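Student: I have a model open and would love to talk it through with you. Shall we go through it piece by piece?

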Amino acid sequence: CAFLCMAPRPGQVLPTSDDSTVSITGAFTTPGGRGSGVGAALLNRGLSWAAAEGYTTCAVDFEVANIPGAGFWLGRGFKPVAQGMYRHVHAPRQ
């Protein structure tokens with residue numbers, strides 16, 4: 001019902017590039033599993049692993065348009081270091 005992937009390589013999540021940063025390269029909880037604590041448990045386990053390996057910083061890249069995802073990361077102390085804007089333009093149907 002959920003997964004979390006962490007990469008012990010710098011530069012996986014922009015703008016990080018130092019060896020003390022681990023990157024979260026993928027995370028998802030199914031709609032039915034959200035709010036159950038499974039995502040937070042995975043994150044805590046991943047952060048514990050990263051600390052034991054000597055990482056001092058963790059980075060994640062998420063879309064601010066993903067309201068549940070943004071709420072998850074921001075609610076757990078992640079702070080934005082860069083923001084971008086995008087706009088979807090749809091061609092009219094013919």
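Student: Is Y55 buried or exposed, and what is its relative accessible area?
Tutor: Happy to help, and keep in mind that this is a predicted model. A residue counts as buried under 20% relative accessible area. Y55 falls below that cut-off and is therefore buried, with a relative accessible area of 17%.

Student: What kind of aromatic pair do W49 and Y55 make?
Tutor: Start with W49, which counts as partly exposed at 29% relative accessibility. The ring centres of W49 and Y55 are 5.9 Å apart, and their planes stand at 35°. Planes under 30 degrees apart would count as stacked and those over 60 as edge-to-face. The angle here fits neither class, so the pair is tilted.

Student: Which residues are linked into a cluster by ring pairs?
Tutor: Take F72 and W73 to begin with: their pair is edge-to-face, with 4.9 Å centre to centre and 85° between the planes. W73 is buried, at a relative accessible area of 7%. Ring pairs link these two with one further residue, giving a cluster of F72, W73 and F78.

Student: Now to helix 1. Within what arc do its buried residues fall?
Tutor: Helix 1 covers residues 38–52, and its buried residues are G39, A40, L43, G46 and A50. In general, an α-helix has 3.6 residues a turn, so residues three or four places apart point the same way. Seen down the axis of helix 1, the buried residues line one face, because they fall within an arc of 125°.

Student: Which residues are exposed on the other side of helix 1, and what covers its buried residues?
Tutor: The cover over the buried residues of helix 1 includes strand 1, strand 2 and helix 2. On the other side of helix 1, the exposed residues are R45 and A52.

Student: Which strands stand at the edges of the sheet?
Tutor: The sheet is open, with three strands in the order 1-2-3 and mixed pairing. Each edge strand has a single partner strand, so one side of it is left without a neighbour in the sheet. The edge strands are strand 1 and strand 3.

Student: How are strand 1 and strand 2 joined, and what angle does helix 1 make with strand 1?
Tutor: Strand 1 and strand 2 run antiparallel and are joined by six bridges. One of the bridge partnerships is that of A2 with T29 in strand 2. Helix 1 packs on the sheet, touching strand 1, strand 2 and strand 3, and its direction makes an angle with that of strand 1 of about 20°.

Conventions:
Residues are numbered from 1 along each chain as its sequence is written. This is a predicted model: local features need pLDDT of at least 70, side-chain atom pairs count only at pLDDT 80 or more; totals for chains, interfaces and linings use all residues. Side-chain values use heavy atoms; hydrogens and water are left out. Helices (H or I, at least four residues) and strands (E, at least two) are DSSP runs, numbered from the N terminus. The expected span of a helix is 1.5 Å times one less than its number of residues. Buried means under 20% relative accessible area, exposed over 50%, partly exposed in between (1.4 Å probe, protein chains only). The arc is that of the directions from the helix axis to the C-beta atoms. Contact means heavy atoms within 4.5 Å. Two strands pair if DSSP finds at least two bridges between them. Axes are lines fitted to C-alpha atoms, for helices over the stretch in contact, and angles run from 0 to 180 degrees between N-to-C directions. Rings of Phe, Tyr and Trp (its six-membered ring) pair if their centres lie within 6.5 Å; planes under 30 degrees apart count as stacked, over 60 as edge-to-face and the rest as tilted.
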